[in-house]
Amino acid sequence: MPHCRFVTEQTQTAPQRPQAGGLDGFFKISQRGSTVGREVRGGLVTFLTMAYIIVLNPLILGFVPDSTGAFLGGGAEPGSGIPAIAAGTALVAGVLTIAMGGFANFPLALATGLGLNAFVANTIARQSTWEAAMGLVVLEGIVILLLVLTGFRKAVFHAVPQQLKVAISVGIGLFIALIGFVDARVVTRIPDAFQTTVPVQLGADGHLGGWPVLVFCLGLALMIALWVRKVRGAILISILVTTVVAVVVEAIAELGAASGDNPTGWSLSVPTLSGDIVGLPSFDTLGEVDLFGAFGSAGTGVLAALLLVFSLLLADFFDTMGTMTAIGAEAGLNDEEGTPPNAQRILVVDSVAAIAGGAAGVSSNTSYIESASGVGEGARTGLASIVTGALFLLATFFTPLVAAIPSEAAVPALVLVGFLMMQQVTEIDWRDLEVAIPAFLTVVLMPFTYSISVGIGAGFVAYVFIKVVVGKAREVHPIMWVVAALFVVYFAYTPISGWLS
């Protein structure tokens, strides 16, 4: 069974094997200590862990009217564009994930970025049109691509102190574990009616209850048991077995989706197989882009539109840096400086993904930390990404089948992988306050704010601030000064946008 290795161990690789040819040689499968079987399993697990985005992205984008009252996909009614958004989401994720595997040879999958899509829907589209909002996403992707090609994005990565990179990986581990618990409704938000300052609680009412939560607990217990017993395919076996259990439970109990009136229903998707399983996809959102429309919109204007692009850019820019570092560390692929192989190519594909997501009308695509579940299953090369991408393309025809996998069956993988990534915390010198405090802020703010970028930004700003306070400003890399200043602007987005208005 593959296991987690710390960043500092990356130089201690296995003895070099003779260079293989064919599939093995192209992807360096044996060289990275993997097998074709592990890559296929890892790619499948990553897809199963990420498949929820095909269902979730349409729910986020499909019910928000733009400033003209129109909905994404061309419909006049809320949710009318959901089939097209789902198909476009799967299409772009498939194509770009395959590109990541073939061009960058890295076990990293891409799809519409959560958080980014909510920002596009609730902040940008409401002030302009859906076409103009997607135009800003395309422009943001173009800017990032230029920064990658000029080497600036990679230079920023090298300017970050090693222990802060480790903190990013640890923070993401906690973050994805929290995502798992929230998606399974083991952790829920306390309703505003209770008028309490406590933000979250156990279960729907302070206690664990309901069949879906039980299915999650069974899946997590099975996954842990198989993992500690070093059973190959532990994560995949657990997901498949738990999905079967979930389908049976739903067939008997008819729980339906969770809602205010049904707090113990299924979280993101209901595990049922009904109606047509196969159908031709609709891609009505593709090409619905107005590149500069937001700059002339009454709701935004030139300065506000530039600030929106800047906010999108910062979130996209650092999310991927943190994600690829964490994935590389978990796979044991990073070098002494914590840099994964083919970093420049990874960043190029990710930048193109942002452009493609906007052009396809499904919001910016970015690298997914859920790829860590596939790495936990043994994925070490781009072959796993090609498997994941192919399954996304196939999912454009099988959306009902993909929707049958409930989050309760898939997200136990996030909890387990979160633990594996958390093990790197020992690489941080917690006695050195100059790096320990920024590392702490990085780690805790990712889960507490549900944002990778916020954690990274807080850590960077704190690092520069502390170096200035202790009289070591000269030790701060010039790029860190620039990035910290940009994050200050990012955090002050609301007052700045209000002043511009």
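A residue counts as buried when its relative accessible area is under 20%, as exposed when that area is over 50%, and as partly exposed in between. Keep that cut-off in mind for helix H17 in this predicted model. Its buried residues are Pro-412, Ala-413, Leu-414, Val-415, Leu-416, Val-417, Gly-418, Leu-420 and Met-421. That makes 9 buried residues out of 11, and H17 is mostly covered.

Now step past the end of H17. A loop links H17 (412-422) to helix H18 (433-449), and Asp-429 sits in that loop. Is Asp-429 buried, exposed or partly exposed? Its relative accessible area is 30%, so Asp-429 is partly exposed. Which residues does Asp-429 touch, once neighbours within four places in sequence are set aside? They are Gln-163, Val-435 and Ala-436. Look at Gln-163 again. Along the chain, Gln-163 and Asp-429 are 266 residues apart. In space, their C-alpha atoms are separated by 7.9 Å.

Helix H6 (residues 130-149) is another enclosed element. Of its 20 residues, 14 are buried, so H6 is largely enclosed by the rest of the structure. Its length can be checked too. Each residue should add 1.5 Å, and the expected span uses one less than the number of residues. For the 20 residues of H6 the expected span is therefore 28 Å. The end C-alpha atoms of H6 are 29 Å apart, which agrees. After H6 comes Gly-151, with a positive phi near 90 degrees.

Next, look at how helices pack. Two packed helices are described by the angle between their axes and the distance between those axes. Take H3 (residues 52-61) and H5 (residues 116-124). Their axes are 9 Å apart and make an angle of about 20 degrees. Angles under 35 degrees count as roughly parallel. H3 and H5 are therefore roughly parallel to each other. The crossing of H3 past H5 is right-handed. On the H3 side, the contact uses Asn-57, Ile-60 and Leu-61. On the H5 side, it uses Asn-117, Ala-118 and Ala-121. In this contact of H3 with H5, 4 residues are nonpolar, 2 are polar and none is charged.

Helices H4 and H12 (residues 343-359) give a second case. Here, too, the axes are 9 Å apart, but the angle is about 165 degrees. Angles over 145 degrees count as roughly antiparallel. H4 and H12 are therefore roughly antiparallel to each other. H4 passes H12 in a crossing that is right-handed. From H4, the contact draws on Val-92, Leu-96, Ala-99, Met-100, Phe-103 and Ala-104. From H12, the residues in contact include Arg-345, Ile-346, Val-348, Val-349 and Asp-350. The contact of H4 with H12 has 12 nonpolar residues, 1 polar and 2 charged.

Finally, turn to two loop residues with a positive phi. Asn-105 lies in the loop between H4 (82-104) and strand S1 (110-112). Its phi is near 50 degrees, a positive value in a residue other than glycine. Glu-254 is not a glycine either, and its phi is positive at about 50 degrees. Glu-254 lies in the loop between helix H10 (234-253) and helix H11 (302-331). Are these residues buried or exposed? Asn-105 has 8% relative accessibility, so Asn-105 counts as buried. Glu-254 has a relative accessible area of 64%, so Glu-254 is exposed.

Conventions: Residues numbered from 1 in each chain as written. Predicted model: local features only at pLDDT ≥ 70, side-chain atom pairs only at ≥ 80, totals over all residues. Heavy atoms only, no water. Axes fitted to C-alpha atoms, helices over the stretch in contact; angles between N-to-C directions. Helix = DSSP H or I, 4+ residues; strand = E, 2+ residues; numbered from the N terminus. Parallel < 35°, antiparallel > 145°, perpendicular 65-115°, else oblique. Left-handed = near helix turned anticlockwise from the far one by under 90°. Contact = heavy atoms within 4.5 Å. Nonpolar A, V, L, I, M, F, W, Y, C, P; charged D, E, K, R; others polar. Buried < 20%, exposed > 50% of the residue type's maximum accessible area, 1.4 Å probe, protein only.
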